[in-house]
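Student: I would like to go through this structure term by term and ask how each label is earned.

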Amino acid sequence: MTGKLKVIVIDDEPIVGKRLKPALEKSGYEVEFYDNGPAALKRLSETGFHIVVTDFRMDEVDGIEVLTRVKKASPATKVIIITGYATIEVTREALAKGAFDVIAKPFKPNELREIIQNAAEALRSESA
């Protein structure tokens, strides 16, 4: 894997993007943020991302639908679910459908950066 890691963050709360995009860019990632599920899915169909960070519960498209579509189109892509509804059921469903990890809101940007770093290492070892 060469070049910057491409990360897309999808959450229907604009404040999440406002906080995470600069924090992740500071870590050297190329980051795009979408607060609209359908627009994010359109973007995902147009270009590949190494890592997808998506909210679990959104109005038009939920995180499980994002996860399912991403894994079908690009099985190597790592999907991280962020949620304010972190239950065992949510976590189990997300992991069973191929999520790399699930992180409960509220979280610190450093916690997400650590999970993204782990996903990046997994990508590197899989492509080696």
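Student: How many aromatic pairs does the rule count here?
Tutor: The count comes to zero, where a pair would need rings of Phe, Tyr or Trp (its six-membered ring) with centres within 6.5 Å, called stacked if the planes are under 30 degrees apart, edge-to-face if over 60 and tilted otherwise. Keep in mind that this is a predicted model, in which local features need pLDDT of at least 70 and side-chain atom pairs pLDDT 80 or more, while totals for chains, interfaces and linings use all residues. Residues are numbered from 1 along each chain as its sequence is written, and side-chain values use heavy atoms, without hydrogens and water.

Student: What makes Arg57 a charge over the ring of Tyr85?
Tutor: The rule asks for NZ of Lys or CZ of Arg within 6 Å of the ring centre and within 35 degrees of the ring normal. The charged end of Arg57 is 3.7 Å from the centre of the Tyr85 ring, and Lys6 lies over the face of Phe49 at 5.2 Å from the ring centre, so both distances satisfy the limit of 6 Å.

Student: Which residues line the largest pocket?
Tutor: Among them are Leu41, Leu44, Phe49, Arg69 and Thr77, and α2 (37-46) and α3 (63-73) each give two or more residues to this lining. A pocket is an open set of points on a 1 Å grid over the protein atoms alone, where a 1.4 Å probe fits, with protein on both sides within 12 Å along at least five of seven lines, and a lining residue has an atom within 4 Å of a point. The space in the largest pocket is about 160 Å³.

Student: How do you know that β1 and β2 pair?
Tutor: Pairing requires at least two bridges found by DSSP; β1 (residues 6-10) and β2 (residues 30-34) have five, in the parallel sense, so they pair. Ile10 stands opposite Tyr34 in β2. The chain crosses from β1 through helix α1 (residues 14-26) to β2 in a right-handed crossover.

Student: Where do β4 and β5 fit in?
Tutor: β4 (residues 78-83) pairs with β5 (residues 101-104) in the parallel sense over four bridges, and Ile81 stands opposite Val102 in β5.

Key:
Points joined across faces, edges and corners; volume = space filled by probe spheres on them. Right-handed = clockwise from strand over helix to strand, strands pointing away.
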